[in-house]
Structure formats: C-alpha cells, structure tokens
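Biologist: I would like to learn how to read a protein model. Can you take me through one, feature by feature?

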Amino acid sequence: MAQISVVQWTSGNKPEQNLEQLRRLLRLLPPQRPQLVVLPEAFASFGAGESSQLERAEVYGDGPIQQAVAELARQHDVWIVAGTIPVKAGKRYSAASMLFNNQGEAVARYNKIHLFDATVEDGTGSYQESKYTQPGDELVLVDTPFGRIGMAVCYDLRFPEMFRALRAKGAEVIVLPSAFTKVTGKAHWQPLLQARAIENQCYMVAPNQGGEHPDGRETWGHSMVIDPWGKICTQISSDIGVGSVPIDPTIIQDVRRRMPVEAHNQFKVSFNHAS
Ligand SMILES: O=C(O)CNC(=O)[C@H](CS)NC(=O)CCC(=O)C(=O)O
C-alpha cells in the first residue's frame, strides 16, 4: 500500500544546513514504495518577512534547493512535497510548495495564497509575511499514485472555503506544509486540521516546523497525518523526527459513501481569483 511520511525539524536560515538535516532524516524513511514525503513550510530557508529571503529566492526550475530536493527524490525513489521554497516573482518571491516525483521532476507548484500578517502574543510582535511575498492566486491539484492531491500551506488552514474548493475539484489527500507558531499552534493546530479532514473527507498531511529556531521564533511541531474520518494516524511528538503511515484509498471511499456530505451540501463557494 502507498505510504505517506511527514518530516519535521527546526529550520534555520541557512539552506546548506537545513538540507543536511533533511538528508539525515530521509535515511529514516520506511522501505515502502510508492511513498510521498511532505516537508514543512520554509524547510530550507526559514525567515519569512526578512529581506534576506529575497537573496535566497531561486528561479523556478533551477537553484540549489530545488536541485537538492530533486536529487533526494530520485535517490530515495520517493515523491516529495517541498513546502515551501522561495521562488523569484519579480522583485518579490512566492512561497512555493513544489511537488517532485520519484524521478526528481517538478510536477506541480502551488504559491501560498493566504499570507500571515498577524500579531501573536509570543514576543515576536507581528508577522508580516506579505512584506516580501507575492501571494498566489491559483488552486493546485495533481493526480498521483497517492490519489488526487490538493495543495495548501500553513495559514491557508484557517480558510475553510479553500479546502471546500479543493474537495469540489476532487482532492483526496491535502498536503499542508506549515510553520505554525507555538502559541497559535497550541490553541488551534489540531482542531483545525481535524475539522478540514472531517468536513472534506480527505487525508490531511501536515508537517510543521517545531522547536526554538536560531532567530528566536518558536513553532509548535506536532506534525501529523489525519485520515478522512478525523483520526490522527501519526504524530511527531518531539522537535525532530519522521512519521509514516500507509494511506488507504478505501477509507476515503467508505467515509464518503456512508455520509455523502458533498452531495448534501446546500452552500456552494466561489474563489475570488477563479478564471
Ligand atoms: O518564516 C518562515 O520562513 C516560514 N513561514 C512562516 O513561518 C509563515 C509565515 S510568517 N507562518 C505562518 O503562516 C504561520 C501561521 C500560523 O501560525 C497561524 O495561522 O496561526
């Protein structure tokens, strides 16, 4: 059966160091194939809202971060959601979650739509992600050996209409690379993930940054995979680790057949940017 893994660590702002940590952690992957490995938001370069991210931003399809992930996907024979990579977008960058197949080819790119401009009571003051980030305006779904994957990132989790829209377009597995703060994560991470999984009857695959970062920020960790019934299938309880579960397509079909909420729904949503 296909396998899904989430990987978690405490990223700093140096890509080489983060990629080294990633290489170490990927050695812990279980042997099952096909396997989808999902990495946290800003795994290679942590520090949204900092001008230094602009220097690290890569041209789409090129650059050391994308090359390293492509190589790891080939080497380990796994699909990887590299969420997120700073990708040049004019004078700004997109927080791009990229899907690489097991040949190392980039097969999808989702640019984070909802940007985290918020004040959190954590000593950081306020987060201003939109300062240097160009928001995305497109929903991204892709057919894979793991089912139809819908792509979202971190703060998107708070906008249920987006997940409804992904489900309406056939999403079965939703990936959500994240860097939820310690304070907001403690309060909201698990219930929001379970709600999105239950109401849309999808797997939610949600790796999170965890621990105290070199810049002093703290993130919540608790990376998890939740099934379409809302059950937590795996959870990472320390700052660094790997969590793996088999993904069972019959659970998706069974949950949807027994309780066809999509057909029962009397409220349809629309997307501001729909073409
Ligand atoms: O800094 C980086 O490079 C990584 N990116 C982030 O940390 C992003 C943007 S500041 N964080 C979030 O979206 C947190 C959302 C959140 O915590 C919530 O919705 O409660």
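Modeller: We will go from the overall fold to single residues. Keep in mind that this is a predicted model.

Biologist: Where do I start? How many helices and strands are in the protein?

Modeller: The protein has 7 helices and 16 strands. Its C-alpha atoms fill a box of roughly 50 × 40 × 35 Å along the principal axes.

Biologist: What does the radius of gyration say about the protein?

Modeller: A compact globule of 275 residues would have a radius of gyration near 19 Å. The protein has 17 Å, which agrees. Buried residues make up 46% of the 275 residues.

Biologist: What do the contacts in the protein join?

Modeller: Take contacts between residues at least 6 apart in sequence. Of these, 70% join residues at least 24 apart.

Biologist: Now the sheets. How do strands pair in a sheet?

Modeller: They pair through backbone hydrogen bonds, either parallel or antiparallel. Here, one open sheet has 6 strands in the order β5-β4-β3-β2-β1-β16. Its pairing is mixed. Strands β5 (106-111) and β16 (241-246) stand at the edges. Each has a single partner strand, so one side of each is left without a neighbour in the sheet. Neighbouring strands of this sheet are turned by 30° against each other on average, direction ignored.

Biologist: In which sense do β1 and β2 pair?

Modeller: Strand β1 (residues 3-8) and strand β2 (residues 35-38) are parallel, with 4 bridges. Look at Ile 4: its bridge partner in β2 is Leu 36.

Biologist: And in which sense do β14 and β15 pair?

Modeller: Strands β14 (residues 224-226) and β15 (residues 232-235) are antiparallel, over 3 bridges. Val 225 has Thr 234 in β15 as its bridge partner. The two strands form a hairpin with 5 residues between them. In the turn, Gly 230 has a positive phi of about 95°.

Biologist: Next, helices. Why can residues a few places apart point the same way?

Modeller: An α-helix has 3.6 residues a turn, so residues three or four places apart point the same way. Try α3. This helix has 13 residues and reaches 18 Å from its first C-alpha to its last. That is close to the 18 Å expected at 1.5 Å a residue.

Biologist: Which residues are buried in α3?

Modeller: They are Ile 65, Gln 66, Val 69, Ala 70, Leu 72 and Ala 73. Seen down the axis of α3, the buried residues fall within an arc of 160°, so they line one face of the helix.

Biologist: What do the buried residues of α3 pack against?

Modeller: They pack against α1 (15-26), β3, β4 and β5.

Biologist: Can we try another helix? Which residues are buried in α4?

Modeller: In α4 (residues 160-168), they are Met 162, Phe 163, Arg 164, Ala 165, Leu 166 and Arg 167. The buried residues of α4 pack against several elements, including β8 (141-144), β9 (147-151) and α5 (182-200). After α4 comes Gly 170, with a positive phi near 100°.

Biologist: What is usual for phi and for peptide bonds?

Modeller: Most residues other than glycine have a negative phi, and most peptide bonds are trans. Now for some exceptions. Just after α3, Asp 77 takes a positive phi of about 55°. Ala 42 is not a glycine, yet its phi is positive, about 55°. Cys 154 is not a glycine either, and has a positive phi of about 40°.

Biologist: Where is Ala 42 found, and where is Cys 154?

Modeller: Ala 42 is in the loop between β2 and α2 (52-56). Cys 154 is in the loop between β9 and α4.

Biologist: Do loop residues count as buried or exposed?

Modeller: Count C-beta neighbours inside 10 Å; 20 or more means buried. Ala 42 has 26, so it counts as buried. Cys 154 has 28 and counts as buried. Asn 13, in the loop between β1 and α1, has 18 and counts as partly exposed.

Biologist: Which residues does a cis peptide bond join?

Modeller: One joins Arg 33 and Pro 34, with omega about 5°. Pro 34 is in the loop between α1 and β2. Another joins Gly 83 and Thr 84, with omega about 0°. Thr 84 is in strand β3.

Definitions and conventions
Residues numbered from 1 in each chain as written. Predicted model: local features only at pLDDT ≥ 70, side-chain atom pairs only at ≥ 80, totals over all residues. Rg over C-alpha atoms; globule rule 2.2 N^0.38 Å. Buried ≥ 20, exposed ≤ 12 C-beta atoms within 10 Å, placed from the backbone. Contact = placed C-beta atoms within 7 Å. Pairing = 2+ DSSP bridges. Axes fitted to C-alpha atoms, helices over the stretch in contact; angles between N-to-C directions. Expected span 1.5 Å × (residues − 1). Arc of directions from axis to C-beta.
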